Structures are given as C-alpha cells and as structure tokens.
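Please work through the exercises below with the sequence and the three-dimensional structure open beside you. Each exercise sets a task and is followed by a solution in steps.

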Amino acid sequence: MKRDNPAGKESFYRLTPFDVVLIVLILFVSTGVILFTELGLNWQLSETSEAVVYHEGKLLEHLSLDKDREITLLEGKMILEIKDERIRVKKSDCPRQICVSRGWIKSSGQVIVCVPNKILIEIKKPAAPLLDAVVS
Amino acid sequence: MKYKKTKLAGVLIAVVVIGLFAIRIYNSHRFHLEKQTRFMMDTYVTIYAVGPEKVTSRAVDLAMDRMQEVDAKFNILNPKSPLYAFNHQGTSISDPEIITVVGLALAVRGASWGAFVLPVSALSAVWGFFGDSPRLPRDQEIKAVLKNTGYKHLRIKDNTLKKTRKSIRIDLGGIAKGYAIEQAVKVLKKEGVTSALIDAGGDVYALGKKGGRLWKVGLRDPRGEELLGYLEVEDLAIMGSGDYERFFVKDGKRYHHIFDPKTGYPARGLAGITLIHPDPVVSDAWNTALFVMGPEKGLELVGRMPGMETIMVTTEGKTLYSSGLKDQLQHISKIE
C-alpha cells in the first residue's frame with residue numbers, strides 16, 4: 001500500500017492564489033453570518049420612528065411618525081393625530097377622555113391608553129437606548 | 001490536490017454556517033421576548049418576559065390570570081368582592097389576602113401620620129372623578145365624607161376585619177395594584193422566569209435584568225412632553241403618581257385626584273412623584289402617602305426609609321432627588 005507521498009503533502013500545505021480566495025471566502029461568509037446573527041436585532045431597530053397601536057392586546061397598526069396626518073380607528077370611535085414626530089389622541093368617544101387629556105407622546109416606551117376602547121398606543125424609536133417602559 | 005482543498009474549504013464553510021445558525025436558534029430560544037397586554041384595574045397591564053418561549057408564555061399567562069384574580073377581589077365595584085359586602089352590608093371580612101393588605105395599608109397610614117387612607121373612593125366619588133364630569137364639591141359634602149373615614153371604627157381581630165360604624169367604607173385602590181404586581185412577580189419566579197418587566201399602567205416592576213443589561217425605565221415629566229430622564233434598574237418597583245392623571249381646572253386652579261385625607265381636598269405642593277423600592281406594595285402605598293405629605297416632609301421621611309428612593313417634581317417645577325438617586329438619573333438627550 002502506498003501512503004501519501006511527501007511531495008503531495010508539501011503541495012497540500014503550500015498556499016496557492018486559489019487558497020487565498022478560499023480563505024477570504026470563508027472569512028467573508030463567517031463574518032456575514034456573525035453580523036447577521038448578532039446584529040439582526042439592530043437591523044430591525046434601524047427602521048424609522050413609529051407608533052404601534054394595539055387593540056385588546058393585539059397589534060392593530062404600525063404608524064410611521066414621519067408624515068403628519070390623522071388616523072381614524074375603530075370605525076371612527078377614535079381619531080389619532082401625528083404631527084412633528086409626535087402622536088396624540090385627538091378625539092375619542094370614551095366618557096372620561098383620559099386618553100385625549102394625556103396629550104402628545106414622542107419618546108420611546110411612552111404610551112397612551114384608552115381603557116373603554118381597549119386601545120394602547122406605544123412609541124418605538126430606532127436609536128438606542130430604547131426604553132423598556134415609562135413610569136407615569 | 002486542488003479538489004481536495006475545495007472539499008475541505010466547503011466542509012469548513014458548512015460547519016461555520018451551521019454552527020452559527022445553531023447558536024442563533026439557541027439564542028432566540030433562550031432570549032425569546034414574550035409580551036402580553038391585558039386591560040384590568042382600570043388601565044392596561046403589559047408583561048415582558050425573557051427566556052425560553054415555553055417557560056415565558058405559560059408564566060406570563062399565569063401571572064396575568066393572577067393579577068386579574070387580585071383585581072376582581074379588590075375591586076369595590078364588584079358585587080362578588082368581600083369588600084363590596086363589607087361596604088354595603090357590613091359583612092366582616094376573613095379573606096386572608098384582604099386582611100394582609102388592609103394591615104399593610106394601616107401600617108403605612110400610621111407611619112405617614114395619616115397621609116394614606118383606605119376610603120379614597122368616597123372622596124373620588126364626591127369630586128366626580130368616577131364620572132364624566134369632575135366638579136368642585138361644597139365644603140359640607142367633603143366633611144360628610146371625611147366623617148366616614150374614621151380608622152377607629154375598623155378592627156382586625158382573629159384575622160377578621162370588622163367595622164363598628166355602619167357607614168364606614170374602605171377601598172384599597174392605593175395599594176391593590178402594588179399587591180397585584182407583587183403576586184404576578186411571585187408567579188413569574190415560581191414558573192422559572194428570571195427576567196421580566198411588568199408595566200401596570202405606568203407603575204413598573206423590573207425583575208432581574210433584560211438579558212445582559214439592566215431594564216431602562218423612563219420617568220414622565222409631570223408638566224412637559226419630554227421625559228425627566230431614565231433609570232437603569234433590576235429587581236425594583238418604580239411607581240409614579242401625579243396631578244396630571246385625573247384633574248380639572250376651575251378659576252385657574254388645578255384640582256386633581258390625589259386627596260389629602262385630613263382636608264378632603266387635593267394635596268398641594270407636588271406635581272409628580274416617582275418612588276423606587278424593592279417591594280411593589282410599599283412603593284404603591286408610599287407614593288400616594290408621600291405625594292400627600294409634600295416635598296419637605298416627604299423627602300425627609302424617604303431619607304429614613306431603608307431602600308426607598310424618590311424623585312419629586314414640585315408644582316413650581318423644581319426637581320428634588322433623595323440622596324441615593326442624585327447621580328442615577330440618565331438624561332434623555334441620549335435617547336433623542
């Protein structure tokens with residue numbers, strides 16, 4: 001039986017241009033995958049500022065805060081207003097109007113809640129540090 | 001030879017890619033962020049929990065259920081609540097949970113020289129804060145309510161709460177939320193959750209850390225749209241009260257829903273308070289009591305309470321910190 005000849009072994013360990021291409025490729029792929037796994041979350045966060053509206057705990061709408069406008073919710077029961085990257089409840093049919101008197105919110109983690117309509121509006125901002133909650 | 005090398009490189013790439021994907025899947029499993037919101041206690045409750053999905057989703061469900069149970073038991077408008085029977089028929093209460101919380105409330109009342117009371121709802125009702133249109137009541141109306149807040153007419157004996165005057169009514173609105181949060185934390189811990197955040201309508205409890213970092217909790221500025229700043233916390237309750245939650249303005253004067261039990265009128269001096277303490281029950285009860293006591297007395301008392309810290313904003317717009325918090329508040333300019 002013939003074992004590996006010394007010459008072949010030597011050529012196996014010798015770096016050729018082809019090997020350099022392979023090494024670069026491996027590095028490239030690995031770095032790409034690491035970036036993808038580790039920074040995947042940050043990529044998601046680098047979207048624009050938005051307000052997220054929940055109804056009965058379920059996602060209702062994503063609203064970008066870039067464009068000034070009014071949004072009608074729940075067939076006209078509530079009207080939201082977006083202006084200068086802030087959001088507020090402009091009108092609501094609820095009795096105590098707590099959501100309307102809450103005024104504008106703009107910082108990440110801030111919320112407006114309307115208990116009678118079971119609506120929760122939450123600000124999400126891309127830039128760190130992202131707040132987990134706001135005490136009020 | 002070249003073919004052999006290509007094969008080796010291919011295998012290496014495959015191993016790296018598969019390995020990293022395995023790590024990613026493992027991490028997303030381990031650091032899954034479970035989030036659930038329910039409406040209760042006249043507000044919203046959101047619980048976040050970090051951990052394996054199986055563990056966190058069950059734990060959050062159970063914690064929410066437990067909070068709803070506490071809410072139902074402590075809701076004075078619920079005809080099935082022992083408090084309802086106590087208030088309306090005078091039936092004595094032997095429910096151990098209610099007895100415990102009433103005991104805690106009475107202790108806070110004593111330690112705050114009467115700045116914390118149980119029957120806040122009677123005052124809220126006469127001021128119209130339960131209905132659509134709050135109003136300035138007449139002096140006599142307020143005095144009539146105060147007559148029925150007498151603590152000497154409450155007795156806890158042999159684990160039973162009785163009243164010696166029929167008209168006495170109690171409610172635990174100023175402390176029940178703290179108790180509900182405490183119970184939710186217990187459930188989360190029991191179910192194996194070590195990292196969670198409970199936000200009960202702006203009253204927050206941070207359990208452990210959020211993965212590798214602390215939980216970031218912003219503080220509302222009682223008068224402005226901006227935030228005062230934020231705190232980085234773990235295993236702490238951060239609770240707020242303010243004159244901005246429910247109020248009306250008459251003849252240029254602001255009337256809000258946090259009453260001084262001695263006068264029956266809204267407490268003056270503070271616009272907002274944030275209280276930090278490891279125990280959510282203590283935090284909830286004391287933040288009302290300190291709001292009523294006002295800035296000077298309040299700050300002095302916090303200095304003597306171990307583990308308690310506060311940030312107060314006076315009606316003149318001055319921000320006051322307890323000694324342990326001065327350098328803890330992070331400025332919000334970093335956020336925006």
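**Exercise 1.** Find the residues through which α7(B) and α8(B) meet in this predicted model, and describe how the two helices lie.

*Solution.* Begin with the contact, which means heavy atoms within 4.5 Å: B:Ala176, B:Lys177, B:Gly178, B:Tyr179, B:Ile181 and B:Glu182 of α7(B) meet B:Pro280, B:Val281 and B:Asp284 of α8(B). These residues divide into five nonpolar, one polar and three charged, where Ala, Val, Leu, Ile, Met, Phe, Trp, Tyr, Cys and Pro count as nonpolar, Asp, Glu, Lys and Arg as charged, and the others, Gly among them, as polar. Helices (H or I, at least four residues) and strands (E, at least two) are DSSP runs, numbered from the N terminus.

Next take the geometry: helix α7 (residues 176-190) of chain B packs against α8(B) at an angle of about 165°, with the axes 7 Å apart. Axes are lines fitted to C-alpha atoms, for helices over the stretch in contact, and angles run from 0 to 180 degrees between N-to-C directions. The two helices are therefore roughly antiparallel, given that angles under 35 degrees count as roughly parallel, over 145 as roughly antiparallel, 65 to 115 as roughly perpendicular and the rest as oblique.

Residues are numbered from 1 along each chain as its sequence is written, and chains are lettered from A and ligands numbered from 1 in the order in which they are written. Because the model is predicted, local features need pLDDT of at least 70 and side-chain atom pairs count only at pLDDT 80 or more, while totals for chains, interfaces and linings use all residues; side-chain values use heavy atoms, with hydrogens and water left out.

**Exercise 2.** Describe how α4(B) packs against α8(B).

*Solution.* The axes of helix α4 (residues 96-111) of chain B and helix α8 (residues 280-293) of chain B come within 10 Å and cross at roughly 40°, and the pair is therefore oblique. On the side of α4(B) the contact is made by B:Leu104, B:Val108 and B:Ala111, and on the side of α8(B) by B:Val281, B:Ala285, B:Trp286 and B:Ala289. By class, this contact has seven nonpolar residues, with no polar and no charged ones.

**Exercise 3.** Trace the open sheet to which both chains contribute, and say which strands stand at its edges.

*Solution.* The order of the three strands is β8(A)-β7(B)-β8(B), with mixed pairing; two strands pair if DSSP finds at least two bridges between them. β8 (133-135) of chain A and β8 (227-233) of chain B stand at the edges, each with a single partner strand, so one side of each is left without a neighbour in the sheet. Neighbouring strands are turned by 30° against each other on average, direction ignored. Between the chains, β8(A) runs parallel to β7 (residues 215-220) of chain B and is joined to that strand by three bridges, and A:Val134 has B:Gly218 as its bridge partner.

**Exercise 4.** State how many residues each chain gives to the contact between chain A and chain B, and what area is buried there.

*Solution.* Chain A gives 49 residues and chain B gives 55. The buried area, which is the accessible area (1.4 Å probe) that two parts lose on being put together, summed over both, is about 4,500 Å², and carbon and sulfur atoms give 62% of this area. A:Arg96, A:Asp132 and A:Val135 supply 17% of the area that chain A buries against chain B, more than any other three residues.
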